[in-house]
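Please load the model in a viewer and keep the selection tool at hand. The tour proceeds from one selection to the next.

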Amino acid sequence: MSGLKMPDFQRFLRPIHGFPDATTFPGLLTLLLPCIALAVLLSTAFRPHMKFIWHCFFRPLGQDNQKANLDKFYRGQAEVYDTTRSVLLRGRYTMLSMSAAHLHELRAASPQKRLVWIDIGGGTGYNIELMDKHFPISSFDAVYLIDLCDSLLDVARRRFAKKGWKNVHVLCQDASEFTLPEWSELGIDPKGSVSFVTMSYSLSMIPSYYTVLDRVEHVLSSQDGLLGVVDFYTAGKQGSLHEKTIGGLSKECGWLSRWFWQIWFDFDHVHLGPARRSYLEYKFGTVKSYNGRNKFFLPFIVRIPYYIWLGRPRSCDITRFCHAFEVDGGNTIGNCSPSAAVKAQETDVVPPLDISDSGAEAVKEVPPTTSVVAVKANVINITPPLSSFHYQVKKPWRLPYYEQPVHKEFRTFIYSFTWEDPFEDMKVLDLTSDDSMLVITSAGDNALHYAIAANPKRIHCVDMNPCQGHLLELKLAAIQSLPYSDFFQMFGQGSHPGFRTLLDSRISPHISSSAYQFWRFNDEAFSSSFYMHGYSGLALRLAKIIFTLAGVTKDVEALCDCDTLEEQSRIWREKLRPVLLNPVVVAFLRSPMFCWNALGVPLNQRRMILEEGTFYDYVKNTLDPLAERYLFKTGSYFYLLTLLGHYTPSSCPLYLTPSGFEALKKNDGLAMDSFRLHTDSIVNVLRGLSKWSLTRTLVMDHLDWFAPGATDVDEEVQELHRVTAPAGLVFWRSASKEPWYNRVFEKAGFKVTPVAIRHGSEAIDMVNMYVILSPKNVSPDVFCHRYRSFWKAERL
């Protein structure tokens, strides 16, 4: 041990060259001052959050009454409440933005009616100040903030005094017993006297929530009243049928999330059980519902469920929506599933509950299937509300549907644009304003074209994929609510940086709850190129990658900017044809997975293509004629889109032109009133339609999807024969020159004739339609995409 030296601790105390000497007072002061300044800075910046953590997680609440608990909980953090809740209480801005948009629409019929807003549990008045950005507070005749916590209300009083708002009143009252001074001072009857009520993260904190919601329902105007709620929640894994009809996308909570958040918030007397939301959705008709996750802290781990909900009193007038649902859609109230084979008998229906002399009013909303003999005046309705479709504030476009397992198979839309050429359709449809037609929804481009060109009295759009309905619904709503510049930016250029804002503040009143949820979850679709999304977007992205790897991106742009067919044809032959007809590319295109996921070609249709030639010949015969006959720059917008990823003002569908847009938008969207969007199979929709109710039907290539001899085709064709009026027409396209199901139509009582058949490399319209139409009248044709024939069946 004698050879070992003790450590020289003194060397650690020696001054480091260029660093203050801590052994002297000036040096020590130089070191301490920055540390003190940093500590002060941190304490100032994090003081609000430290207060929040102390009062929320450590300070005990005790078992006092509700008012005492609230005062104890918020007294020490009232001044920092808004600072600390900005990221925790998500959805408030969205709820107010959507509420303002819906209020504008609801009040359009009676803009002079008194406008009163009650914000229950509004605390510091943050929501009222925030609402001023969406709906000026000066527009309200009176605004009442009701809360039970004095410390928070003091903050609100100072806030409103600073703003100078004389029409905003702060009331310290129990929400279950709230009373507005104007009811006694102005002699106003409380029933139906309020236009707007909001509850922002307060419903989960109110013990007597039944009483509060009953009271809100009593004072809310039945015709133009609106209730907006945003709050935390938990829910089970299986939603009820009613939840499915009001749009329950992503509502389910896993067992860990469900129990953890209920227990966690229960420490602060915040109740996240499903009972509150269930009663809310029972007491009122749902207009909009959105289920989100707050990821403000550790996004991949901490995900607090919250919801945004808008609703109306169930006593509001739903006559036109019932008519659209029952008559136009062939459904019955409360039943959104396919019609039963055997109708319920009178004895199978449960009669309404008679509660004798309870004093309850007779409920107007008794389903027509209810059989009641000598119903007394005092009846309480124990049935759940109708679907969110019935309580919409604008157009009855989208018919409701129960979410079925088959719907979940579609993660997004397959087609972001429509391949079939509506100009060619119009030449053979002989469509007039007296016609009623059924078409496959797809992206909705062709249906919009028919509405512009002929304005038929009814257009049934059918698609099993809910996302295709969401897409067409968004287009209808955007036309109704946006100027042309914003609309073309979305669907022409394919991107709009302000889409999310437009969705909440302009579009939301015009779309269904399900469609709103879908586009809220997919709002990034318009952040870059919309047409690169969906299954068809896979094909466009692949083309872009191939062009980049081959170094022909500039040639693609030049091809789409050619002024002559000669120049366009030369670029095609010399630059792009060798790339797209490369054996490797063709082999990739013919793979079953790519055919379905990117091109939307099912296995049966792919088999039809291969039965009549090789895939190489099919691609060659499809693409070669196009560059020589149709100028992409000014006409063939289908292929311009696939090459560039967007449309241009000179090459786009009719609905994207200023004249087409105006034709749909004028007279408050009168031309779009004909639309009814079904989320179901064609045969189920046909079952609900009355005899001879259709004069024109276009099923695209839908029947190619069935295997030869499928009995489902027999049933569908029989239903088509029943609903098609005499001399009515049914049209379809096929990848086969002579599809097998033509014989099924003939057997059912139709006369089948070809409209056009493509042979070899000839474009379909230049072969079978040449004798009818001169070349100058032939518009750019999309049959060349994947179809070899176009057929017509006339009902005898």
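The stops below cover a nonpolar core, a helix, a pocket, cysteines and two backbone positions. The model is a predicted one.

**The largest nonpolar core**

Begin by selecting Phe491, Trp519 and Phe675. Within the largest nonpolar core, which has 136 residues, these three touch the most other members. Next, colour helix H16, since the largest share of this core, 8 residues, comes from H16. Then display domain 1 (84-316) and domain 2 (550-644): both give residues to the core, so the core lies between them.

**Helix H19**

Move to Tyr516, which is found in helix H19. Tyr516 is buried, with a relative accessibility of 0%. Add Asp504 to the selection; 12 residues separate Asp504 from Tyr516 in sequence, and their C-alpha atoms are 8.8 Å apart.

**The second largest pocket**

Which residues should be selected to find the centre of the second largest pocket? The pocket itself has a volume of about 790 Å³. Of its 35 lining residues, Gly248, Leu249, Ser250, Glu403 and Lys408 are the closest to the centre.

Extend the view to the helices around these residues. At least two lining residues each are supplied by H9 (241-245), H11 (275-283), H13 (405-408), H16 (466-481) and H19 (513-521). The largest share, 4 residues, comes from H19. Colouring the lining by class shows 11 nonpolar, 15 polar and 9 charged residues.

**Cysteines**

Select the cysteines next. How many disulfides does the model contain? The count is 0. Cys149 serves as an example: the closest cysteine sulfur to its own is that of Cys172, 8.1 Å away, which is too far for a bond, given that a disulfide requires sulfur atoms within 2.5 Å. Cys149 is buried at 1% relative accessibility. Cys253 is likewise buried, with a relative accessible area of 2%.

**Two positive phi angles**

The last selections concern the backbone. Most residues other than glycine have a negative phi.

Go to Asp430, in the loop between helix H14 (422-429) and strand S10 (436-440). Although Asp430 is not a glycine, its phi is positive, about 50°. Is this residue buried or exposed? Asp430 is exposed, at 56% relative accessibility.

Finish at Met700, in the loop that runs between strand S13 (694-698) and helix H30 (711-723). Met700 also has a positive phi, near 50°. With a relative accessibility of 12%, Met700 counts as buried, because the limit for that class is under 20%.

Definitions and conventions: Residues numbered from 1 in each chain as written. Predicted model: local features only at pLDDT ≥ 70, side-chain atom pairs only at ≥ 80, totals over all residues. Heavy atoms only, no water. 1 Å grid on protein atoms, 1.4 Å probe; cavity = no way out; pocket = protein on both sides within 12 Å on 5 of 7 lines; lining within 4 Å. Points joined across faces, edges and corners; volume = space filled by probe spheres on them. Nonpolar A, V, L, I, M, F, W, Y, C, P; charged D, E, K, R; others polar. Buried < 20%, exposed > 50% of the residue type's maximum accessible area, 1.4 Å probe, protein only. Core = buried A, V, L, I, M, F, W, Y, C linked by side-chain atoms within 4.5 Å. Domains from an automatic or database assignment.
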